[in-house]
Amino acid sequence: MTVSSSIPSTIRCVLQPDFSSTDLIFTTLPIQLPKEGTDEHLIKVHAVAPCADELLWLRDYAHLMSPDRIGIPCYDVSGVVVTAPADSPFQPGTEVYARTPGKDTGNTREYTIAKTVHLAVKPKNLSWEEAAAAPISAFTAYQALFEHGDIKLGWKDEVGRLENSKKRILITAGSGGVGTWAVQLAKLAGVGEIIAVVGPSNVDFIKSLGATEVINYREQSLSFWATCNPEVDLVFDLLGGQTLAEAWTAVKDFGILLGVKEAPESRKPKEMESATLPKEVKNYWFLMRSDGSQLGEITKLIEAGLLRPFLDSIWEFEDAKKAFEKVESGHSRGKVVIKLL
């Protein structure tokens, strides 16, 4: 591969120097270039988005990480292709976005690497920051509903839309990065009743996205709500802990309970284990997968004005540490984004 003289030999980046600590530093490192004979692209980064808990992955899942991984965070990225394999659909100059694998070096650096399978063309109607906010949240919500949650693609399937119209689903952390996508996608698919759990400042906001009912967790717990309302077909939990335990009381017999923070079975209340007629619930813990073709489908919906990402805040490159602190506070509306350009 011939390297253009305009590509620098060193780049600015955010680095996690100690994998046992969540501390970050702003520094300079040698640029990483695509390997010859692979489907790797060099991307000029415009924006990235942090993910909750990602600074602990190197500590907790070291055995899953690539051996040459550098401690640079953030895997949701938007930018411009600088170099590409000759047969790639994403040639130099293409504006792209992606979710790159968490086992690899992240993207909070001026230039990064992404493979063909993870890339999609950036939606024309999104800013760089909005595009970076989309991939992991959109993937997680899309795969939860349509691959694990027995919800049909109602905008493509009229029979499926009719079936969806009879469903009741409940989404915790409804105003967060994933929750806002899940509510929008459920509405788009024609789900009859969409119940979202949010704080008091987000009640009107989440209704505007399509929630038909809102549980203000400051006023009532999920378990209390469940004692006064019909059980739901699907609970999509984004919080884990006590909320996940209470979610068992809200889902109907033979319903579905999905968790992304913890395995639902680990939080099943003991009284359900010992009951004479225990509740039978299909429960799954899952991790989203990055899929450029699926991201391309999401792009079509975004460009049609049917979906949109929501930004909590945008932070400067040098303030990445503050951006992560905002994410870990657990009180963001939509996604926190770091802009590099």
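## A tour that starts at strand β8

Select residues 168–171, strand β8, and look at its two faces: Arg168 and Leu170 on one side, and Ile169 and Ile171 on the other, are all buried. Here buried means under 20% relative accessible area, exposed means over 50%, and partly exposed lies in between (1.4 Å probe, protein chains only). Strands are DSSP runs of E with at least two residues, helices are runs of H or I with at least four, and both are numbered from the N terminus. In a regular strand the side chains alternate between the two faces of the sheet.

Before you move on, a word on the model: it is predicted, so local features need pLDDT of at least 70 and side-chain atom pairs count only at pLDDT 80 or more, while totals for chains, interfaces and linings use all residues. Residues are numbered from 1 along each chain as its sequence is written, and side-chain values use heavy atoms, with hydrogens and water left out.

**The neighbours of β8**

Add residues 193–198, strand β9, to your selection. β8 and β9 run parallel and are joined by four bridges; two strands pair if DSSP finds at least two bridges between them. Which residue of β9 stands opposite isoleucine 169? Isoleucine 194 does. To follow the chain from β8 to β9, show helix α5 (residues 177–189): the path passes through this helix, and the β-α-β crossover is right-handed. Right-handed means that, with the strands pointing away from the viewer, the path from the first strand over the helix to the second runs clockwise.

Now show residues 232–237, strand β11. This strand also runs parallel to β8, with three bridges between them. Phenylalanine 236 in β11 is the bridge partner of isoleucine 171.

**Salt bridges**

Stay with β8 and β9 and pick arginine 168 and glutamate 193. These two form a salt bridge, with the closest N and O atoms 2.5 Å apart. The term covers a side-chain nitrogen of Lys or Arg within 4 Å of a carboxyl oxygen of Asp or Glu. The pair links distant parts of the chain, with glutamate 193 in β9 and arginine 168 in β8, 25 residues apart. Are the two partners buried or exposed? Arginine 168 is buried at 10% relative accessibility, whereas glutamate 193 is partly exposed at 32%. Across the whole structure, a search finds 20 salt bridges.

Next, go to lysine 326 and aspartate 312, whose side chains meet in a salt bridge at 3.9 Å, N to O. Lysine 326 lies in helix α11 (residues 320–328) and aspartate 312 in strand β14 (residues 311–316), so this pair ties together parts that are 14 residues apart in sequence. Lysine 326 is partly exposed at 26%, and aspartate 312 is partly exposed at 25%.

Keep β14 in view and select glutamate 316 with lysine 339. Their salt bridge has its closest N and O atoms 3.5 Å apart. Lysine 339 belongs to strand β15 (residues 335–339) and glutamate 316 to β14, and the two are 23 residues apart. Relative accessible area is 26% for lysine 339, which is partly exposed, and 39% for glutamate 316, also partly exposed.

For a network, select Arg12, Glu110 and Glu318, which are linked by salt bridges.

**Rings**

Turn to helix α3 (residues 135–148) and pick tyrosine 142 and phenylalanine 146, which are four residues apart and so are separated by about one helical turn. How do their rings meet? The pair is edge-to-face, 5.0 Å centre to centre with 70° between the planes. Rings of Phe, Tyr and Trp (its six-membered ring) pair if their centres lie within 6.5 Å; planes under 30 degrees apart count as stacked, over 60 as edge-to-face and the rest as tilted. Both tyrosine 142 and phenylalanine 146 are buried. Add Trp155 to see one aromatic cluster of Tyr142, Phe146 and Trp155. By this rule the count comes to six aromatic pairs.

Two more rings have a charge over them, meaning that NZ of Lys or CZ of Arg is within 6 Å of the ring centre and within 35 degrees of the ring normal. Lysine 122 lies over the face of tryptophan 128, 5.0 Å from the ring centre. Arginine 333 has its charged end over the ring of phenylalanine 205, 4.3 Å from the centre.

**Last stop: cysteines**

How many disulfides does the structure hold? Zero, where a disulfide is a pair of cysteine sulfur atoms within 2.5 Å. Select cysteine 74 and cysteine 51: the sulfur of cysteine 51 is the nearest cysteine sulfur to that of cysteine 74, at 9.0 Å. Cysteine 74 is buried, with a relative accessible area of 0%.
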